[in-house]
Structures are given as structure tokens and as C-alpha cells.
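Colleague: I would like a close look at one part of this model. Please take a single residue and work outward from there.

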Amino acid sequence: MSRLQSSKSRLVILISLPIFLMLVSLVVPINWQRGNADTSDLDRQYEKVVAPLDGQKEVKTGSEFPQKVDAVGTESEAARLDQSVEAGDPTISSLRIGPWTEPLRRLIEKGKYSSEVAAELTAIFECQPGIGDQLMQLLVEGQGSLLERRALLVALGTALSMDPAPPELWLDRRGVLEWAIELWIEGFEDFKQLDRWLWKSRGVDGLLAFAFVDEFLSDPDQYPPDSGKRSRWRKAVIEGLKAEAEDEVPSWLKQWTLEWTESEDPEFRRIALGVMGKVYSKSAADDRRHLRERILRQDLQWQLEAGKELLIHTEKDHFVTVIDDWADFFIRQEYRGSEMLSAFHRARDIPLGPILNRRGGGPESQAYRMWVLFGALGGRDEAGLYPTEWMTTLEETVRSDQARAVRFLALRLCAMGWKDRSNADFQELVRRAELDPVQENHVWSLLPTS
Amino acid sequence: MSFDQQCRHGGVVLSLCSMILLGVVSTCDLQAAHGVIRNQSPGGDIPPGMSCQDECPGLGTRNNDLKQVVSPVSNPCSDMPLKLLLERWGATVNFPERQCPLWVMLTPTHSVVVPRQDCCLLERQSRDVIQQKLRCECTSFFIFCWSRSCLPAGEPIKWESVDHWVSLPCLGSGAAVDCGGGTP
């Protein structure tokens, strides 16, 4: 979809919304929050919104519109927001009044102390047809207290995420989705947490990704390298492309991932990097081999980044295959990172023993066993416990592995997941490990009760 | 090496730097951890034939930056993640949480031995790899947690040790030889 089409979508919203609002106001009883406002007030407020929307840039410069921020999710920004909550009076509203006013007020009251706001959100979604578009419009207007704007964002994000959605929720869902992502990419403050919902939303797809690629190619200077805007743009493109590989990978995406992997344009190589983990995980053996060959032709740093992407996206069905294909590379690069722990965590349903002993128990595979054991550190759950089979495998490794370094590592893992089991049993395990006294002292210090 | 320099290394999906940027761990909280990281002790003798007392062995060092690994499981920070069931339409909506991992494992900056002409090894130190548990505190709640602090919980524990090597130009090689390749 081109920018022109996108603008057309917005135009449709803008033309249809005032008419729509007028009709709705005739049939839907409105709960005024603070006295009555005559329609001319409402019209004047609405004109303020409509006027600058001919050009999006104008929208962004108006003082009443959301403030632009450089980075998303920084501590200083969060702190600033919190300060503004304390400084402003959240009960004083300058939000445009309409059928949404009362349900929004109820959402704000409940949301101050509870997450159970499904009923309040439902009331908002039922207050008028096309409320999804209206929520977007209200948020863009930038009026209202911080809590009102946060409530609007929660409602908008929820509306975009709903699948199935109420039949009359949207007039132009696609147009709103595209517009919202554009404002998120631009870095507008009121949209900065929209990515909590965006990437699971229906409609974030390849078509959308290519619309953003088109926008980038038409004016790359708008996306300075290494800027927050560039990285958010890239994220949107990657998420759109990845969504195309949810069930199986379309052939065009395989082909482009292969081509972009070797592109001379570093930006396209970065996009390929972001997509390839998902593509690899979902592809057949031949396609995986092709992709692996391309990856291994790149420079070492890029190979390592690609390897991490594979680990991030590896599903448990392909876990053993990925380990087989990539363990030697990771061991050579001395890589033991968070992505590896995440991959092992997702594979908790798979028995650890066969993976650990896949290359035998001799000295030639010691580095492999050490690497797998480090990955197994990711196998603990929220309570700090390993799956039963993993714990059994770890204890067996402590008792029987030929290499002291492997036994020591396995015993440290056992200590981390020992929890409430008896010290006498752990003492016996330590004895069987046949470690040196320094190592023995060390493993005792890792027991949670120590 | 300064903490900024260590941060520039980056590259890990949830690097400590990004955790700081995202407010997962504050810089001041990290200073305590750094005190532990920088704890070092003599790591024993240099193997025969490698030290500066011997004929020039051609061994220098390469610097490994601070590295951090985070748990794949996040802290159950208050009211995250939020799951809403909009019953009327049978739609379920998830609000993915911002991460505050259960723990972070920090490997200190250290130099490892590499072949390097006109260089020898002067000293070996032992540096601790530590695991620091983290806890999450919601600092701004409205329907869900909009911002939170991810703070150290309890004392860090030693997970293992790594050797840190110090190298020097061999006698007569001249002071201009860079044996450390950026070793702090």
C-alpha cells in the first residue's frame, strides 16, 4: 500500500467520522462528564483536529498533539511520565466529549487499582459504531489527562488486538493500524507503548511491511541511520515479514531472505537478519541448508548475529536439528548467550539426556557436553526447578561423566535447582562427583539455602 | 575500561546496557555488582615457557568485554503480563510484559592469551563470574505496569572464575609493541 493509499484511508476516516458522530449523537444518550457543551464547541474542537490532517507533518507540530520522543521505553521517559502523573490533576479533563466519555471514565477509575477491566473495555467498544477509529482520533488529538491518554491507548491497543473483533468496531481498521504504526515509528509519546499490542495484531503483514519499505525508499533521509526512528521502522518491517511465516514460509519470503542476506545494502542485510530466524525455523531441510550456506559466507560478526536469531526463533520441533547444525559454530566462537538459554527453555519438553549424549561421552565431545550443559541452565522454571528428566540427567552426569569439568558444571546446575531437597542427598551427590576441595566448597555455596 | 565502553560492546538481545536503558537495572544498582566483578585475586603461576622470565614466548592477550547472560524466565512483576478476556466476543488479548529477568550472570572484562609476536605474560589473575538475582517493582500502575524498576535481590553469588592475563613486550622488543590489544 502506498503513502497515497494510506492518505486516502485517512481521508475516508476524516470525512466519515464527523457525519458519523453527528448521527450517533442523535441516537445515543451522552453522559456529560462536566456540564454540557454545545455542538459549536464540539465542532470547533473537531476543526482543530481536521485542519492539520491534510499533511501528517502538520499534525505532529501542533502543540496540542502528542510530543515526540527520541527513544522508546527509556527510564528517563518513564520517570518523566510518572512525574507528570503526580504534577497534573487527573480528574480535570480536556478530552473531547462523546459517547465514550462515561465508559472511559469508568475504565480509568477501575484501572487505577485493577487489571480486570474487560467489562469496562467492552462498554467502550459498544458505546458507538466505529469506536476503534474514534479512539485513534482522540489519541491523535492529544487532549486529556495522562490517565485518559493511557486509557485511550489501552483501548486502542486492545481493539487492534481483538480477534474476532466486534462487527461494528471499525470503519477502517487497516487505515487506523497503518496510521498508528506510523506514529509509533515517528516516536510520538502517546503511542510509544503501542508495541505492547502491535505485533500480535492481525494486519501486521507483508503488505504492510512493503508499504513501509516503499516509504523508506522514497525518502531515506527521513530515517537517519542509528536513530530510534530507523530502528522502529526496521522493527515494523521485520515483524510484518515474520508474520507471513506464521504457518509456513511463502516462497517469495524464502527467496528474498536469501537475496537480502547477501545484499550490498546493509539495511536489507539487517532486515534479512531479523527475518531469517523465523524463516529457518519454519523451513524444510533443503531450505535450511541453503540459508545456512549463505550465512556462513558472511563476516564472522554477522554469522554470530544470525546464529543468535536462529536460537531466538527455534521452535522445539527443530531444536535438535539446530543444535546439530550450529553447536560446533557456537563452540568455536565461545558463544554462550541469553538466546541459547531461551532456546533451551523453550525445549523443556524435550529430554535432555539424548541431546547431551548425542556425541558420546569421550574427551572429543567434552566441549559439546559443556556447551549443552550451559544451555541447560535455561531449563529452570519460575520456581527455579528443572523438568524431572533434566534433573535426572544432570545428576546422572555428575555421577558418571568421564570429565571432571563436566561433572563440576553439572553439579553446579544441580545445586541451582536443588531447592528443598535434603542436604544429605546433595552431600552424596557431591561425593560421587569426585571434585577437588575448592570445587566442592564452591558447589555448596550455590545451594539456595546457603 | 569505563562502563560506557563496556556498554558499547552490546550485541546481546537483552544486553545489560539495554536493560539499563529500559530501566531494568539502574546504573547505581550496577555499581555494587561491579565492585564484585572487579574483585580479583592472584590466579596462580604462569605455566613454564610463557612468562617474561623466559625467552620471548610470543604470547600476548586479547580483551574480552563484560558479558551478561539473562535468565529466559522473567520476574513475576506486579500485574504483568495482563491477559484480558473479552467474553462477549470470545477474544483474548495479551499484553506482553517488559522484561525483568529472574537473574543476570555477569562475566567480567578479562584478557585471554593469544599468539602475539614479541610479547610475554607477566601475570595471571582470577576474576569472578557472578550471578545476581533480580526483583521487579512496579513504579507506575494503571491497568498494567507502565514502568518498573528491576533491582538486585540479595547478594551476588560466584558462579565460576575466569583467568585474566596481563602481557608485556618482551625485553628488547621496544615499548611500542601493543601486547594487550586494548587490555584495560
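Modeller: This is a predicted model, and the residue to begin with is Pro387(A), which has a relative accessible area of 15%. Buried means under 20%, so Pro387(A) counts as buried. Pro387(A) sits in the loop between H20 and helix H21 (388-400) of chain A. Apart from its neighbours within four places in sequence, Pro387(A) is in contact with Arg348(A) and Gly379(A). Another proline, Pro351(A), is 36 residues away from Pro387(A) in sequence, and the two are 8.8 Å apart in space, C-alpha to C-alpha.

Next comes the helix on one side of that loop. Helix H20 of chain A covers residues 366-376, and 9 of its 11 residues are buried, so H20(A) is largely enclosed by the rest of the structure. Among the buried residues of H20(A) are Tyr368(A), Trp371(A), Leu373(A) and Phe374(A). Arg369(A) is also buried, and so is Gly375(A).

For nonpolar residues in general, there is a broader pattern. In soluble globular proteins, nonpolar side chains tend to be buried together. In this model, the largest nonpolar core has 136 residues. Phe125(A), Phe191(A), Leu411(A) and Trp159(B) touch the most other members of that core. A second, separate core has 9 residues, including Val70(B) and Cys77(B).

Chain B offers a strand to set beside the helix. In strand S9 of chain B (residues 144-152), 8 of the 9 residues are buried, so S9(B) is likewise largely enclosed by the rest of the structure. S9(B) pairs with strand S8 (residues 119-142) of chain B in the antiparallel sense, over 8 bridges.

Note on methods
Residues are numbered from 1 along each chain as its sequence is written. Chains are lettered from A and ligands numbered from 1 in the order in which they are written. This is a predicted model: local features need pLDDT of at least 70, side-chain atom pairs count only at pLDDT 80 or more; totals for chains, interfaces and linings use all residues. Side-chain values use heavy atoms; hydrogens and water are left out. A nonpolar core is a set of buried Ala, Val, Leu, Ile, Met, Phe, Trp, Tyr and Cys residues joined through side-chain atoms within 4.5 Å. Buried means under 20% relative accessible area, exposed over 50%, partly exposed in between (1.4 Å probe, protein chains only). Helices (H or I, at least four residues) and strands (E, at least two) are DSSP runs, numbered from the N terminus. Two strands pair if DSSP finds at least two bridges between them. Contact means heavy atoms within 4.5 Å.
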